[in-house]
4 protein chains.
Amino acid sequence: MPIPEHNLNPPFNIVRLSHTELRVTDLAWSRGYYVDTLGLQVTYEDKEVIYLRAMEERGHHCLILRHAPVGEVGVLGFKVWSEEDLDKAEHWFKARDLPTEWVERPYMGRVLKTRDPWGVPLEFYAKMDRLEPIHQKYKLYNGVKPLRIDHFNLFSPNVDNSIKFYGELGFRVTEYTEDAETGRAWAAWMHRKGGVHDMAFTNGTGPRLHHVAFWVPTPLNIIDLLDLMSTTGYVDNIERGPGRHGISNAFFLYIRDKDGHRTEIYCSDYQTIDPDHEAIKWDLKDPQRQTLWGAAAPRSWFELGSTFEGAPVTESDLKSQPIIAP
Amino acid sequence: MPIPEHNLNPPFNIVRLSHTELRVTDLAWSRGYYVDTLGLQVTYEDKEVIYLRAMEERGHHCLILRHAPVGEVGVLGFKVWSEEDLDKAEHWFKARDLPTEWVERPYMGRVLKTRDPWGVPLEFYAKMDRLEPIHQKYKLYNGVKPLRIDHFNLFSPNVDNSIKFYGELGFRVTEYTEDAETGRAWAAWMHRKGGVHDMAFTNGTGPRLHHVAFWVPTPLNIIDLLDLMSTTGYVDNIERGPGRHGISNAFFLYIRDKDGHRTEIYCSDYQTIDPDHEAIKWDLKDPQRQTLWGAAAPRSWFELGSTFEGAPVTESDLKSQPIIAP
Amino acid sequence: MPIPEHNLNPPFNIVRLSHTELRVTDLAWSRGYYVDTLGLQVTYEDKEVIYLRAMEERGHHCLILRHAPVGEVGVLGFKVWSEEDLDKAEHWFKARDLPTEWVERPYMGRVLKTRDPWGVPLEFYAKMDRLEPIHQKYKLYNGVKPLRIDHFNLFSPNVDNSIKFYGELGFRVTEYTEDAETGRAWAAWMHRKGGVHDMAFTNGTGPRLHHVAFWVPTPLNIIDLLDLMSTTGYVDNIERGPGRHGISNAFFLYIRDKDGHRTEIYCSDYQTIDPDHEAIKWDLKDPQRQTLWGAAAPRSWFELGSTFEGAPVTESDLKSQPIIAP
Amino acid sequence: MPIPEHNLNPPFNIVRLSHTELRVTDLAWSRGYYVDTLGLQVTYEDKEVIYLRAMEERGHHCLILRHAPVGEVGVLGFKVWSEEDLDKAEHWFKARDLPTEWVERPYMGRVLKTRDPWGVPLEFYAKMDRLEPIHQKYKLYNGVKPLRIDHFNLFSPNVDNSIKFYGELGFRVTEYTEDAETGRAWAAWMHRKGGVHDMAFTNGTGPRLHHVAFWVPTPLNIIDLLDLMSTTGYVDNIERGPGRHGISNAFFLYIRDKDGHRTEIYCSDYQTIDPDHEAIKWDLKDPQRQTLWGAAAPRSWFELGSTFEGAPVTESDLKSQPIIAP
């Protein structure tokens with residue numbers, strides 16, 4: 001299936017990905033990991049939940065850590081342009097028989113809760129509490145110096161269908177991987193905010209969250225994080241990297257927390273804001289697709305992910321295998 | 001005058017700044033400077049003109065160097081979302097009695113030529129020839145490794161009026177400097193594409209181009225450029241920096257070519273895409289406004305600029321002085 | 001006067017510069033500056049004194065901050081190869097009628113205290129307490145991530161004579177500045193340990209300590225320090241930089257503490273270990289000598305320094321002026 | 001066997017490693033690799049041989065590429081302090097019944113050719129032609145911006161014996177790996193010039209050259225090299241890295257040329273100049289020994305190396321296995 005044309009007139013205006021809720025079984029451990037090691041900033045915390053933002057963000061939170069018996073993902077959140085867009089969104093999801101609900105969320109205005117056709121819990125909002133800028137409070141910079149949330153990557157049991165659905169919502173494909181044998185899409189990167197992606201989809205048992213990514217200033221910050229994790233008890237949480245992706249051209253590191261939630265630390269992708277920005281196609285068997293420098297990703301990277309609350313998973317029927325490290 | 005509300009429903013959709021034409025008196029010298037030293041890539045050249053793009057750009061050009069008897073600026077170019085936006089733009093400028101003209105430009109589709117109320121030559125287009133990506137052809141990276149054009153900065157004889165005019169066009173203020181005595185704006189940074197600015201205005205004799213800026217990967221690329229310029233005959237073209245701006249938080253360097261055209265090399269500003277992103281106010285007398293680290297800018301930086309073709313200049317009536325290096 | 005031949009058979013074997021004692025009038029302030037901001041590690045402290053080491057050092061201290069009524073310099077310390085070298089040193093200084101004394105120092109073995117002909121207090125030792133390595137305890141890295149003490153720079157009222165005296169001790173000139181009019185040396189950089197210098201001399205009222213320097217990993221650490229100092233109340237302590245020296249090719253920053261003691265933060269000089277390594281000559285009027293990129297140093301940098309305990313100063317009779325920022 | 005005491009009074013004074021000759025079967029290919037890609041500078045070339053130096057070196061060459069039918073290693077070269085040291089060296093090797101010969105070498109003074117007890121061809125000299133400095137000719141910097149040769153690493157069939165032999169020559173152990181079961185040394189790092197090593201030894205079939213290493217300014221230069229090699233046809237020459245070694249704390253990359261000669265690109269080890277600098281012991285089974293971040297080295301890294309001209313190899317009798325990537 002070819003990549004569809006960009007939908008330049010989407011039914012409502014999604015500005016960008018905004019936040020996610022990770023359910024974690026050991027909140028103290030997670031605080032040590034996300035706050036003391038990665039360097040995210042606490043904007044609220046109590047015994048059950050911690051709200052975090054990155055250094056250049058002025059919205060109240062990009063990551064919610066919530067204590068729970070099982071490590072899964074509560075929701076993926078997106079900011080829309082206006083209150084009117086929220087109403088249009090409700091209309092659009094209802095028209096597709098997808099569940100919609102207006103929910104109360106701390107620090108946020110009206111929030112529309114829904115799910116995509118695979119059951120991924122989504123929420124949309126126009127207003128979140130705005131906080132004072134801290135991007136020039138350099139004393140607070142710590143760990144990997146995370147600047148902002150960058151994207152979500154999801155396992156999808158049918159990437160072609162994911163592209164189609166999110167494409168209708170106005171996400172535009174910047175790069176994708178084709179399985180040459182079947183002609184089907186094996187992975188895709190789609191954006192709203194003008195970078196390589198707000199959301200990506202990878203073929204596999206899903207829906208599951210493959211990772212949430214944070215943007216950092218330079219590759220040296222990622223090297224600093226590796227040195228820090230390696231000498232403070234987190235060496236086993238390092239999964240893959242550092243390296244340069246062929247796709248997206250970004251410098252990356254993948255790490256996994258105690259509950260298996262994967263984080264990508266990421267910098268140096270490129271601007272994609274033009275409406276006529278052409279998607280780049282990669283072949284699944286191109287060894288430089290994953291890592292420009294040639295190193296294959298480990299099996300865990302292709303197989304492990306976080307389930308979404310209330311979303312049963314199904315296997316993909318596309319069985320083509322990427323290149324996996326021996 | 002307070003900063004106006006963001007205009008979230010502009011009359012037509014400007015995607016981003018796109019390109020400029022610099023008229024230069026010694027094309028060979030300018031080639032040595034912009035191509036061999038800064039590292040911009042030639043996409044077309046003959047004896048009279050050189051078209052250039054930066055490493056991650058797929059549009060045909062972001063900079064045109066045109067041989068001319070006088071070193072001035074030919075035009076500031078902007079990309080709009082669609083052909084329909086071009087027609088809306090024509091209507092809007094005509095309604096304000098500003099000149100409009102459809103002009104032929106190589107490598108571009110329909111081009112609307114106009115001027116702002118101060119005579120700055122502007123052009124708008126929706127389509128420019130798209131070239132093959134070169135962002136992963138690392139052999140081509142050279143000089144400061146320029147990734148993309150980032151913004152224009154103009155001297156304005158009345159910054160409040162510039163803010164008002166460009167604000168109506170949908171440019172949103174991210175940071176500004178107030179003259180505490182008069183309450184007037186002394187400088188402003190305004191964006192379309194989600195960074196700190198596509199256009200900035202600085203109080204002074206104008207309209208003149210203060211500088212065009214290019215985005216580079218990290219501060220180390222700027223240090224590399226300084227080392228290169230210092231040892232290849234360009235040491236006198238270094239005007240200011242390196243440093244960190246208080247405003248925009250960007251790491252910067254300013255250089256000036258043989259004709260006096262100023263270029264900023266720039267990295268590490270922040271994302272401003274939210275429609276409710278609040279502007280940051282600075283006081284003209286805050287010494288960390290210009291340079292977070294405290295060093296004042298030289299007098300030349302406040303006084304010298306490039307005139308626009310066909311646009312006579314007037315002095316500003318706002319005489320407040322910034323902090324100038326002794 | 002020409003630069004003398006390297007003395008390849010010095011009277012005793014000085015391994016490297018080792019430590020200095022800075023007398024400070026506000027120990028709490030100095031702790032905030034050297035420990036919390038620069039990132040040096042405390043190895044001992046009480047109400048009167050703080051001992052510090054840098055991240056890759058295993059000797060007990062490279063910097064002693066001692067509370068005192070006046071901000072001056074207590075001593076410059078050097079490590080020699082063996083106990084036998086200490087005895088040779090005593091003999092050598094005595095033979096020149098310079099004062100010698102065996103003194104008790106905490107954390108150190110036998111210490112020979114003496115003075116150079118201008119009264120600079122020097123001490124030599126072979127053994128200092130060795131501490132556990134911390135260079136891989138990345139959690140401790142902080143501030144500018146100082147790795148090791150690198151060199152001392154002194155104002156000298158007669159640089160030719162300083163070169164001669166320290167040259168006899170085996171310090172080898174790597175670079176020097178000549179005053180073209182008189183043919184006299186205006187500044188010199190001399191090493192024992194295989195970098196550009198352990199000690200440098202600059203023409204001026206002396207003897208005074210111009211600065212003590214610390215080595216850091218990359219220019220980005222210096223940029224981080226500038227950001228940190230600028231936003232934690234230390235912006236006025238930034239004196240000069242960042243920049244690249246013509247001499248030594250090092251990337252530098254100069255900062256001054258509350259008592260006027262100057263520190264250079266420094267990286268990226270070169271290896272000079274060969275006994276036949278030739279000195280590089282610079283002209284005092286070469287604008288790229290101070291800063292490869294052309295920016296002149298401020299007047300304070302040429303005039304201000306720290307006196308040594310018990311060492312009266314005299315003016316230099318060489319009145320040639322370097323290039324000073326207006 | 002415990003690590004022997006540092007020999008602080010060696011029989012002659014070796015200043016540092018200096019150069020090696022690699023025999024290569026395709027000189028044009030090797031020029032593309034070492035000159036156009038790594039960025040070493042040609043100081044002489046003809047159809048049979050290319051002499052190279054790195055950016056801050058003033059000696060005529062650190063690497064000789066010589067066309068030959070078989071890709072092996074011609075010699076390992078070392079600079080000694082004085083002509084007198086050469087004579088002492090001759091005496092010392094003769095006294096051990098090792099072959100000695102005075103040979104003619106272009107660009108060098110007297111050269112003593114000999115072999116260590118395992119047949120490794122060594123040469124010592126005091127004088128090599130000195131060239132003009134190029135460390136500030138930034139236009140010449142290219143590829144990974146190699147600054148200087150840093151060390152040799154050899155496979156040794158008996159590391160304990162290698163330590164003993166080179167220890168007598170004054171090489172001092174900075175770090176070593178012990179096989180806990182047998183108490184034998186499995187690897188050792190030994191220096192003369194004040195860094196972690198001039199020579200290292202790794203248990204294995206030998207003598208063979210494991211790699212020659214070059215020092216570069218920062219980890220970002222290594223990332224640049226990876227990007228360049230990956231997009232200019234050298235992706236298969238990337239063997240291991242980038243990463244941080246536990247041992248030496250250095251940031252590293254390993255690459256192998258067409259003949260199998262391995263190069264390490266290396267930065268950020270530490271100063272070891274003190275005569276009482278203590279060696280750090282690592283356990284062979286410590287997964288952070290090889291790579292602080294936990295990633296194991298590939299099998300090729302432990303098995304492949306370059307033979308020395310005229311030196312037959314033997315297997316090691318120490319069969320303990322390091323951790324190898326699956």
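Helices (H or I, at least four residues) and strands (E, at least two) are DSSP runs, numbered from the N terminus. The model is predicted: local features need pLDDT of at least 70, side-chain atom pairs count only at pLDDT 80 or more, and totals for chains, interfaces and linings use all residues. Residues are numbered from 1 along each chain as its sequence is written, chains are lettered from A and ligands numbered from 1 in the order in which they are written, and side-chain values use heavy atoms, with hydrogens and water left out.

**View 1. Helix α4 of chain B packs on helix α4 of chain C.** Both helices span residues 219-230. Their axes lie 10 Å apart and make an angle of about 115°. (Axes are lines fitted to C-alpha atoms, for helices over the stretch in contact; angles run from 0 to 180 degrees between N-to-C directions.) That angle makes α4(B) roughly perpendicular to α4(C). (Under 35 degrees is roughly parallel, over 145 roughly antiparallel, 65 to 115 roughly perpendicular, and the rest oblique.) The crossing of α4(B) and α4(C) is right-handed. (The near helix is turned clockwise from the far one by less than a right angle; anticlockwise would be left-handed.) On the chain B side, B:Pro219, B:Leu220 and B:Ile223 make the contact. On the chain C side, C:Pro219, C:Leu220 and C:Ile223 do so. (Contact means heavy atoms within 4.5 Å.) By class, the contact has six nonpolar residues, no polar ones and no charged ones. (Ala, Val, Leu, Ile, Met, Phe, Trp, Tyr, Cys and Pro count as nonpolar; Asp, Glu, Lys and Arg as charged; the others, Gly among them, as polar.)

**View 2. B:Ile223 sits in helix α4 of chain B and touches residues of chain C.** B:Ile223 has 2% relative accessibility, so it counts as buried. (Buried means under 20% relative accessible area, exposed over 50%, partly exposed in between, with a 1.4 Å probe and protein chains only.) Its partners are C:Pro219, C:Ile223, C:Arg244, C:Phe251 and C:Trp293, not counting residues up to four places away in sequence. Within chain B, 18 residues of sequence separate B:Ile223 from B:Gly241. Their C-alpha atoms are 10.0 Å apart in space.

**View 3. Helix α4 of chain A crosses helix α4 of chain D.** Each helix covers residues 219-230. The axes come within 10 Å and cross at roughly 115°. α4(A) and α4(D) are therefore roughly perpendicular to each other. α4(A) passes α4(D) in a right-handed crossing. Chain A supplies A:Pro219, A:Leu220 and A:Ile223 to the contact. Chain D supplies D:Pro219, D:Leu220 and D:Ile223. The contact of α4(A) with α4(D) has six nonpolar residues, with no polar and no charged residues.

**View 4. A turn of 180° lays chain D on chain B.** The RMSD is 0.0 Å, and the shift along the axis is 0.0 Å. (Copies are superposed by least squares on the C-alpha atoms of residues with pLDDT of at least 70 in both.) This is the relation of a two-fold axis. In chain D, the C-alpha nearest the axis belongs to D:Leu220, 4.4 Å from it. The same surface serves both copies: 100% of the contact residues of chain D recur in chain B.

**View 5. Chain B can be laid on chain A by a turn of 180°.** The shift along the axis is 0.0 Å, and the RMSD is 0.0 Å. B:Thr218 comes closest to the rotation axis of the residues of chain B, at 3.3 Å (C-alpha). Here too the same surface serves both copies, as 100% of the contact residues of chain B recur in chain A.

**View 6. Helix α1 of chain B, residues 27-37, with its buried residues.** These are B:Leu27, B:Ser30, B:Gly32, B:Tyr33, B:Tyr34, B:Val35 and B:Thr37. B:Gly39 follows α1(B), and its phi is positive, near 95°.

**View 7. Cis peptide bonds and positive phi values in loops.** Most residues other than glycine have a negative phi, and most peptide bonds are trans. The bond from B:Gly206 to B:Pro207 is cis, with omega near 10°. B:Pro207 lies in the loop between β12 (199-203) and β13 (208-215) of chain B. In chain D, a cis peptide bond joins D:Gly206 and D:Pro207, with omega about 10°. D:Pro207 is found in the loop between β12 (199-203) and β13 (208-215) of chain D. B:Ser268 has a positive phi, near 70°. B:Ser268 lies in the loop between β16 (262-267) and β17 (280-283) of chain B. At 28% relative accessibility, B:Ser268 counts as partly exposed. D:Asp97 has a positive phi, near 60°. The place of D:Asp97 is the loop between α2 (83-95) and β6 (100-103) of chain D. D:Asp97 counts as exposed, at 72% relative accessibility.
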